[in-house]
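This report looks at the cysteines, the aromatic pairs and the charges placed over rings in one protein model. The sequence and the structure are shown first.

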Amino acid sequence: MRKIILISLALLSTALTQARTNLNTNDMLYLNMNSKAVLGSIQLNNITSFNITQTVQELSSTAKLVVPKAYGKIGQKPILELMKVGDPVKIDLGYNGVYNQEFEGYISEIEADAPLIIHCDDKMWPYKQNNWVKHYKRIELKPLLQELFPGLTIDSPQVNLGKLEIDNASSYNVIQDLQNDHGLYSRITGNTLKVGLAYDFADLSKVHTYDIRSDVKANELKYKRKEDMQVRFKAVANLPNGKKKTVMVGSKLPNASEKTLNFAGNFSEAELKQKAEAVLAKAVFDGYTGSVTGFGNPLTRCGDCLKIIDEQNPEREGTYMIETVEISYDDNGFSRKNTLSYKVY
């Protein structure tokens, strides 16, 4: 009997040792999510959820955060007395005590309910609050933006906008009209306002890598060949004298997807066609379209580039500009949904 007990104890010791080894291994693989939000003068840790959307197609990024009931009061004061619309916001997310700044901006709306929901706009928010009345007989794009966006460095092409009138409009409204009328997209990154065509926003210095087999939580990518992409562009030149010039490039099939490109400048038809064909070359390619969702790291941003690794289909690999990033942080985990734009190479 004693021998059997000793053998049983030895087996139990071995099992416990193996269990501890497995536990240590799992601990190394386990990533503990952490969050930190600074709203005005208060800091909230481990918020219930965040959603952040960044896209080249919109002028500003937005964030929504949900504050749990545990934060009904901070000290003796209700949390709603400690924050207000217009307060600065910083949101940091990460794993295992390491934080990365994911959003910086201002509170734009507070939903006073349980749980408390706070909506935020990025650094474009103050430029939605001002108001301008101006008349220009002739104005270039860059000096206009320097006047409307004081405090920011302007990165924009040289464009003659011609005659321009601003009648009780914010800086944001003006730049939104420039996007609608001239196809000039804008984003504030750091302290710089960058303006250009949507295809000008690819940052080739920031290339992230996703391996389809190991780095992806959800794969909604579709592989398409150039000949399957029936697209045409109507290119419109908005001339300084107020007139317009138009050319068409791309597929002539009636069911083709038609998109409009607006250009500001005094272009000839040949120059306009050349510009439109350069955009068409980026829009029509052999490669992936759609979206792919990864984890909280790497820190993909809209305008960055994403290299897709696919060992099963190496001919499909490539690097793409990220048009939109949707960041989610909640009970389902920490993820980044990346919608791809054109193929960089």
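How many disulfides does a search of the whole structure find? In this predicted model, the search of the whole structure returns zero disulfides. Cys120 takes part in no disulfide, and the nearest cysteine sulfur, belonging to Cys302, is 17 Å away. Cys305 is likewise in no disulfide, with the sulfur of Cys302 as its nearest cysteine sulfur at 12 Å. Because a disulfide requires two cysteine sulfur atoms within 2.5 Å, the 17 Å for Cys120 does not qualify, and neither does the 12 Å for Cys305. Cys120 counts as buried, at 1% relative accessibility, and Cys305 is buried as well, with a relative accessible area of 0%.

The aromatic residues supply another set of contacts, for which the count comes to eight aromatic pairs. One of them joins Tyr95 and Phe334, whose ring centres are 5.3 Å apart and whose planes meet at 45°, so the pair is classed as tilted. This pair links distant parts of the chain, since Tyr95 belongs to strand E7 (residues 88-95) and Phe334 to strand E23 (residues 333-343), 239 residues apart. Tyr95 is buried, with a relative accessible area of 11%, and Phe334 counts as buried at 3% relative accessibility.

A further aromatic pair, that of Tyr106 and Trp125, is stacked, with 5.6 Å from centre to centre and 25° between the planes. Tyr106 lies in strand E8 (residues 98-111), whereas Trp125 lies in the loop between strand E9 (116-122) and strand E10 (132-140), so the pair ties together parts that are 19 residues apart in sequence. Within this pair, Tyr106 is partly exposed, with a relative accessible area of 24%, while Trp125 is buried, with a relative accessible area of 15%.

Which residues form one aromatic cluster with Tyr95 and Phe334? Phe50 and Tyr329 join Tyr95 and Phe334 in one aromatic cluster.

Two lysines are also placed over aromatic rings, as the table sets out.

| Lysine | Ring | Distance from the ring centre |
|---|---|---|
| Lys128 | Tyr172 | 4.6 Å |
| Lys194 | Phe201 | 5.5 Å |

Lys128 lies over the face of Tyr172, and the charged end of Lys194 sits over the ring of Phe201.

Taken together, the search for disulfides gives zero, whereas the aromatic count gives eight pairs, among them the tilted pair of Tyr95 and Phe334 and the stacked pair of Tyr106 and Trp125.

Definitions and conventions. Residues numbered from 1 in each chain as written. Predicted model: local features only at pLDDT ≥ 70, side-chain atom pairs only at ≥ 80, totals over all residues. Heavy atoms only, no water. Buried < 20%, exposed > 50% of the residue type's maximum accessible area, 1.4 Å probe, protein only. Phe/Tyr/Trp six-rings, centres within 6.5 Å; stacked < 30°, edge-to-face > 60°. Helix = DSSP H or I, 4+ residues; strand = E, 2+ residues; numbered from the N terminus. Lys NZ or Arg CZ within 6 Å of the ring centre and 35° of its normal.
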